[in-house]
Amino acid sequence: GPLGYGDRLNCATELLDATIDRLGPDRPCLRTPDGPTWSYGELRAHANRIAHVLVEDLGLVPGGRVLLRGFNEPWLVACWFAVLKAGGVAVTTMPLLRAGELATMAQMCAPTVALCDARLVEDLQKAAIPDLRTATFGAAGDLGVLADGKPESFDDVDTAADDVALLAFTSGTTGRPKATMHFHRDVLAIADTFSAHVLRPEPGDVFTGSPPIGFTFGLGGLVVFPMRVGASVLLLEKATPDLLADAIARHGVTVVFTAPTAYKAILAAGAADKLAGVRRAVSAGEALPEAVWRAVHEATGLKIIDGIGATEMLHIFISAADDDIRPGSTGRAVPGYTAAVLDDDGQPVPDGTPGHLAVRGPTGCRYLRGDRQEVYVRHGWNVTGDTYVRDADGYFHYQARTDDMIVSSGYNIAGPEVEQALLGHPEVVDCAVVGAPDEERGMIVKAFVVLNPDRTRDVPAEELQDFVKQAIAPYKRPRAVEFLDELPRTSTGKLQRYKLR
Ligand code: 3UK
C-alpha cells in the first residue's frame with residue numbers, strides 16, 4: 001500500500017521489537033509518577049511472558065478476542081502488546097464502565113479471555129460473560145504468578161496486515177456503543193500519518209495525557225505514537241486537569257494529549273505556566289475554541305495542535321503542524337488522507353459553504369455488526385456526522401455535530417460558534433450552547449455558562465448577551481442564559497448536550 005507495508009505484518013512486532021532493533025533495549029519506555037521505569041526491553045519481556053500465559057494457560061488462539069480492562073498504567077500496555085503478539089484481537093474498554101455496559105459489549109464481540117486490573121474485576125464478574133477465562137493483574141492479581149515462570153522471549157504470530165488487531169467501542173454521547181474493527185496495518189498507519197507528519201516526535205520526548213488507553217485517542221497518543229519512535233511515556237491513572245498539569249511540570253513532559261476541557265480548566269486555575277516545557281500539545285475530542293488556543297499561546301508560547309479524530313477512523317485525520325496552524329480552524333487533511341465537505345447527495349459544496357465532513361485514507365470505518373455501516377460510509381467516503389466549512393486554502397472549520405445545528409427563525413446557528421464568542425468574555429470559564437424549543441421561533445439559542453468561581457463582581461445574563469452581540473451576528477445571541485457550576489461530560493471529555501437539552 002501507499003505507506004509501504006507488506007502483506008504480513010504484526011503491529012506489536014513493529015512497535016516493540018523493531019524499535020528495540022533500532023535503538024536497543026535499554027531506553028526508558030513506561031513509567032508512572034511514583035513507580036519504577038520500565039525500559040523497552042523490560043516491557044517486551046513482560047509482554048512476551050503474558051503472551052505465553054494467553055496461549056498456554058488461557059487457551060487463546062489467533063483471532064480470539066481478549067477483553068482488556070484497566071487504568072492507564074504499564075501492565076495494561078504489556079497486556080495490550082501480549083494480545084497482539086499472540087495474534088489475538090484486543091478489545092479495549094474504558095475503566096469506568098460498569099457490569100451492564102461490559103455485558104452489552106461482550107454480547108457484541110464474544111471475548112474468550114479477559115485481562116483485568118484486580119481492582120476492577122468486580123464489575124467484570126458481575127457482567128457474567130459466558131465462557132470467559134479471566135486473569136487479573138496488579139498487586140492482588142494472579143497474572144504475575146502465571147507469567148513469572150514463562151520465558152521472556154516469544155515468537156510473535158505472523159499476522160496478515162489486514163487481520164483485525166483491535167475492536168474499539170465508540171464513546172457516543174447517546175445510544176449504545178458501536179464496535180469498530182481496525183487492522184494491524186491501521187495501527188501503524190496512524191503513527192505514519194498524523195504522528196509522523198504533524199506531531200513529529202523524537203526518541204527523547206516524554207509523552208503524557210489524560211485519555212484512557214481504552215479510547216483510541218489515548219491508545220494512539222500514549223502507546224502507538226511514542227513507541228513507533230522509541231520515546232517514553234508517563235502514564236497517569238488519574239488525570240484530572242490539576243493532576244495532569246502538575247505531572248507535566250514535575251516530570252519533564254514534552255508531548256501532551258488531552259481534550260479542550262482540560263486546557264480550559266488549566267487556564268481557569270491559572271496553571272498554564274506548568275505547560276512551559278511542553279513541545280507539542282494535542283487537543284481532540286471536541287472543537288478547541290480559538291480563545292483557549294490564544295490564551296495558552298499568550299501564557300506559554302505553545303501552539304496547541306487541534307485535530308479531529310474518530311473511533312471509526314482510529315485517530316486524527318485533519319490537523320495542522322507548527323507554522324501551518326490557524327487558530328480557530330482544525331487544519332487541513334493529514335498527509336495520507338483526503339477530506340471534503342459534501343451536500344446531502346454526496347456532492348462537494350463550494351468552499352465557504354457548510355456541509356457534511358467526509359474523509360478517506362488508510363484507515364476507515366468498519367463496524368463489527370448491525371451498526372448501520374451505511375450511515376457512516378456513504379458515496380465512497382467516511383461521513384463523520386460533523387458539519388464543517390472548508391475555506392479556499394483547504395482549511396477545515398468546525399461548525400457543530402450535524403445533529404446539534406440550531407434552527408431558529410429559519411437561521412442555521414452552530415452552537416460552538418456562540419460558545420467561542422462567550423468564551424472570549426473574561427469571566428466565562430466554560431459554556432455550552434444548545435437549541436431550546438420555542439413556540440415562536442421553533443428553537444432559541446440557549447447558553448449554559450460556568451463563570452469563574454473567583455470573580456469579584458456579578459455577571460448578569462444581559463452582559464453576556466450584549467457581549468455575544470458585539471462579537472458575532474446579533475441573531476446568534478443566546479436568548480436564554482442559565483448558570484451552572486459545571487457542565488455534564490463523558491469520561492472522554494465530551495459535552496453531553498442531550499442532557500442540557
Ligand atoms: C468530535 C471533534 C471538533 C467529532 C477521537 C482523536 O473524539 C474521538 O473519537 P470519538 O469517536 O468522537 C468522534 C467525534 O468527536 N471531535 C473529535 N475531535 C474533534 N470535533 N474538533 C475536534 N478536534 O464530532 C467527531 O466526529 O469519541 C479523537 C483521536 C481518536 C478519537 N477516537
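Two strands are said to pair if DSSP finds at least two bridges between them, and in this predicted model that criterion leads to the opening stop of the tour.

Select strand β16, residues 338-342, together with strand β17, residues 355-360, and you will find them paired in the antiparallel sense over 5 bridges. To see one such contact, pick Ala 339 in β16, whose bridge partner in β17 is Val 359. With the surroundings switched back on, β16 turns out to be largely enclosed by the rest of the structure, because 4 of its 5 residues are buried.

Next, turn to the internal spaces, of which there are 3 cavities of 30 Å³ or more. For the largest cavity, which holds about 80 Å³ of space, select Trp 293, Asp 306, Ile 325, Arg 326 and Ser 329, the residues that lie nearest its centre among the 14 that line it. Colouring by element then shows that helix α11 (290-300) and strand β13 (305-309) each supply at least two residues of this lining, while colouring by class gives 7 nonpolar, 4 polar and 3 charged residues.

Finally, move to the second largest cavity, with a volume of about 50 Å³, by selecting Leu 68, Arg 69, Gly 70, Leu 76, Trp 80, Thr 92, Thr 93, Ile 213 and Gly 214, which line it. The elements that give two or more residues to this lining are strand β3 (65-69) and helix α3 (74-85). Coloured by class, the lining of the second largest cavity comprises 4 nonpolar, 4 polar and 1 charged residues.

How values were computed. Residues are numbered from 1 along each chain as its sequence is written. This is a predicted model: local features need pLDDT of at least 70, side-chain atom pairs count only at pLDDT 80 or more; totals for chains, interfaces and linings use all residues. Side-chain values use heavy atoms; hydrogens and water are left out. On a 1 Å grid over the protein atoms alone, a cavity is a set of points where a 1.4 Å probe fits but cannot get out, and a pocket is an open set with protein on both sides within 12 Å along at least five of seven lines; lining residues have an atom within 4 Å of a point. Grid points are joined across faces, edges and corners, and a volume is the space filled by probe spheres set on the points. Ala, Val, Leu, Ile, Met, Phe, Trp, Tyr, Cys and Pro count as nonpolar, Asp, Glu, Lys and Arg as charged, and the others, Gly among them, as polar. Buried means under 20% relative accessible area, exposed over 50%, partly exposed in between (1.4 Å probe, protein chains only).
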